[in-house]
Each structure stands twice: as structure tokens, then as C-alpha cells.
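Student: Could you take me through one part of this structure slowly? I'd like a close look at a single piece and how the rest sits around it.

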Amino acid sequence: MSDEKPGHLTTALALAVVVFLQVPVIVVVLAAFSRTAYLTIPPQGLTFAWFGKVLSDPDYLDAIRLSLILAVGSTVLSLGLGIAAAYALFRRLVPASEAITSFLMAPLVFPSVVIGVALLQYYSLVGLRGSLAGLLVAHVVITVPYIVRAALASLSGLDMSVEEAARVLGADGVTAFRLVTLPLIKPGLVAGSLFAFITSLDNVPVTIFLLGARQQTLPVLIFTSVEHGVDPSVAAISTLLIAATGLALVLAERWTGFHRFV
Amino acid sequence: MVPTSFRDYLPGVGIVPGSWTIENYTRILTDDYYREVVWRTLGLGLAVTLLCLVLGYPLAYLIARGPARWRLPLILLVIFPMMLNLVVRSFGWIALLANRGLVNNLLVDLGLIAAPIKLMFNLTGLIIGLTHIYLPFMVLMLVAAIQNVPRDVEAAAATLRSTRLHVFASVTLPLTAPGILAGSILVFVLTISALVTPRMLGGPTYKVMATLIYDEYMQLLDRPSGSALAFALTLVAIAVIWLSSLITKRWAGMA
């Protein structure tokens, strides 16, 4: 049966590709500890000074704060909206559920730049540009598909008769959902929330069009500061993001078997 | 957005209210510069898709068919870069590909090249960066596709004295074609609409459609022209997705 196993050549190629995927990450982390004021790899000497510089820079702190507010806010809002929408769609409580599903999923494949400029035009009309509410709405638009997708996938793997059993035993609809259905779809929702959170935290193409004159989110700040030249403080803040992402991924994998939901 | 794309734009004045023109669209098709950007975007999409496919298939095959204990670490190593901030990953590639970046320094030190070669602000840089960024999507799609191929079919072909390569070419590859198509469409659409990586690795002058839209809106403030481009980009994306669903249906009909 050895014929169906990957050969040495395939294995070597595949492992090379895995390394290729990690290279930029390794480079960024190494650059963050360099003593020199410009990027050098391998780093000259070892210092934590760039981390201190970044974490005491008010511009970066403001940007981190706004990014976290948006990511937490939009994930929570998307969770509420997404679960409700997925539940209604799954139980066919609304007409044309397939059309609505594909509409809710559209931001996954729709060019984000287009979403960005479309919202910019709309916000200029209604005067939302540069407001926190406007940014939050935009981030809900781009994060809600992840929640809906996760919730729909979890619901479809579920035996709905459990919920009906709870109803028969006297629970009202809300209680049955809260005590029976919700815990059962929780792993999927945790995975979806992580995706939503990271998508919000990562977003540039939509956000950059909607920011006000003095607003910056973290990725937009890194994005614009790279245009003016690269220095190790960008590498330092990037390293912090890499560490946070890695930690989140490991924790999510421990809790929910995250990779099953990708 | 669509109405704006038909408005006239006068530099320094702004959008002419009440005007109606299709010039913003005809310019995309006739103006040399715009045409160049559109072709570059589509070519980039094609190149990145093909590269992702060639690099992604062996990895996906190893994940799906390799030793079971490698599976989880490999999948996590694929997901990790995918979850990582786009700006951070592009920044990593700048450090690698710049004139005084790691790759050039290494090549010079090894004596393979005399002077640094230009790897950034051109097509090479964009292809490398975007391939890296969208490769995980392709790999995950292909893993799902390869897992759906029953091993018995391959084993049967092997019993019938097919060589390994032959089994792969005549059994595995055709059976994973829907997955290949789905992954390719996803990567292509994501690539042609990417803004961050082309901007960071292409700089302000080497443009693709998404970065041109960004500049028309934010730098030139020419919203009509920008929205015409945005609309054109949307049309391309929708056309590609529609075309792929047609192909999938035809395949389903054949089977």
C-alpha cells in the first residue's frame, strides 16, 4: 500500500513550503531585538529597547486602544447578530433564507477595497465618516460572516430534537436555546469569534477609508509608517502581534480543537 | 457608488453635480496606463494562483496522506501565518526583499551576485509576497479535497499496475479538480483585490487595481474615477465566481 503515501520528494517539497510560510515571521521577530537603528538580520546585539519605545509612544498606544475597542466591540456585536441570524436561517424562520445567507457571506469574497469605498461614499452622505459608530458598523459587516458561517456549520451538525425535547419538558424557546443549543454550538462559536476578532484587528482595506483625521488603528498605523521607512520599532510591535496571535491560536486549539473549524 | 462612477470630475473643483459621463469607464479600457494596471492585476492573480497551486499541492498531500502525528503540527503551521496580521507579514517580506534586505545580502555574501538585485517595487516582489499570503487558503482547500478521494480508488489503480505518477495524474488529480478549482478561484479573487501587500511591496508607484482605487480616492480625491475602477474590479470578481460555478455544474453533470 506504499503507493498512496507521499514519497520522499513530496515530503521534502512540502516541508520546504512550510518553512517558506514561517520565514517572514522569523525575520520580523529577529529584527525586533536588533541594537541597530536600521533593520539588520541577523540582529547586531540584543536589546529590548524597541519594545519600550513602542509601548511608550502615545501614537501606538492610541492605535492599540482603538483597534482593541473595534475588535472587541465588533466581535460581541457580530456574535449577537450572527447567532440570531444563523439560528433564524437554519430553522427557516425567514423567507428566502438561501439568498440572505449568501448576502451575509458576501464580504468573505467581495473585494474589501470596494466595501471600503462604498462605505466611505455612504458615510460621507450620512455624516458617519470618522465616527467610532461608523467604524464599528464597518467592522461588524466584515466580521459577521465568520460568526454566521461558524454557527451555521455547528447547527447543521446538531440533532435539533434535543432542543425539542427541552421544549416538551416545559422549557420556553429562549431557555431551551440558552441551556441546550447554545452550549452545544459553543466550540464552533469560539472558533468563529477568534476569526472575527483577528479579522477586525487585521483589517486595513476597509478601515483606512473610514478613519477620521486623527484616528489610527494599529495595522493602519504600521501600514502608513512603513511607507515612511522601516525601523525596528515596527518590528517590535509586529513581534508583539505575532506573540499574541500565536498564543490565541494555541489556546483556541486546546479549548476547541480550533483546526477543525478552519 | 455606482452613480458616482458616472459623474464628471474636475481637478480642484470636485464632482460636477448632475453631470453624466461614461468616460470613467471608457478610460479603463482605452487609456494605456489604466489598461496596463488592469492587465498587471489580472496577470498577478494568475501567477499567484498557479504558484499557490504548485506549492500548495505537495503540502496538502502530505497533510492529508502523510503520517498521522505530523498532521496537527503541520495544519497549525499553515493556519498560523494565515491568522497573522497582513501588515506584519508584508513587513517581514520588506525586510527580506529590500535592496539591503536578507535575501540580497545573502546572495552577495555567497558571491552569486555582485550588486543587489531589485526584488521589491516590481512584479517579483508582489508575486512572492502575495503567494505567501494566500498559500494557506489554497492548502486548506486542497487538504479537504484530497481527503475526499477514497483511498481504495488509488489502491485499485495501483493494483492495476499503474505507476505512482500515473495513479496521481489519472486518479488523484482529476478527483481533486473541484477542490483545485475552488481554491484557485478563492486565491485569484483575493489576489486581484489585495490592497495592503501590493502597496507595501509595490510602493507608491508600482500599482495594481486596488492600490489605484486607494490613490484615486485618498490622494487624488477623484471619486468618480475610483468608483468606476472599484465597480470594474467587482465585476471581474463576480464574473470569475460565476464562471467557476458554471464549470462546477458541468462537472457535476458529467459525473
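Tutor: Sure, with one definition up front: UniProt positions are given here in the numbering used for this structure, feature names are shortened, and annotations may be inferred rather than shown by experiment. This is a predicted model, where local features need pLDDT of at least 70, side-chain atom pairs count only at pLDDT 80 or more, and totals for chains, interfaces and linings use all residues. Residues are numbered from 1 along each chain as its sequence is written, while chains are lettered from A and ligands numbered from 1 in the order in which they are written.

Let's look at the annotated spans of chain B. An unreviewed UniProt entry places "transmembrane region" at residues 37–62, 74–99, 119–146, 167–196 and 228–247 of chain B. Take residues 74–99 of chain B: 85% helix, 0% strand, with end C-alpha atoms 32 Å apart. Residues 119–146 of chain B are 86% helix and 0% strand, and their end C-alpha atoms lie 34 Å apart.

Now zoom out. Chain B has 13 helices and 2 strands (DSSP runs numbered from the N terminus: H or I of at least four residues for helices, E of at least two for strands). Of its 255 residues, 46% are buried, meaning 20 or more other C-beta atoms, placed from the backbone, lie within 10 Å of a residue's own (12 or fewer is exposed, in between is partly exposed).

Chain B also touches chain A, with 57 residues from chain B and 51 residues from chain A taking part; contact needs C-beta atoms, placed from the backbone, within 7 Å.

Conventions. Two residues are in contact if their C-beta atoms, placed from the backbone, lie within 7 Å.
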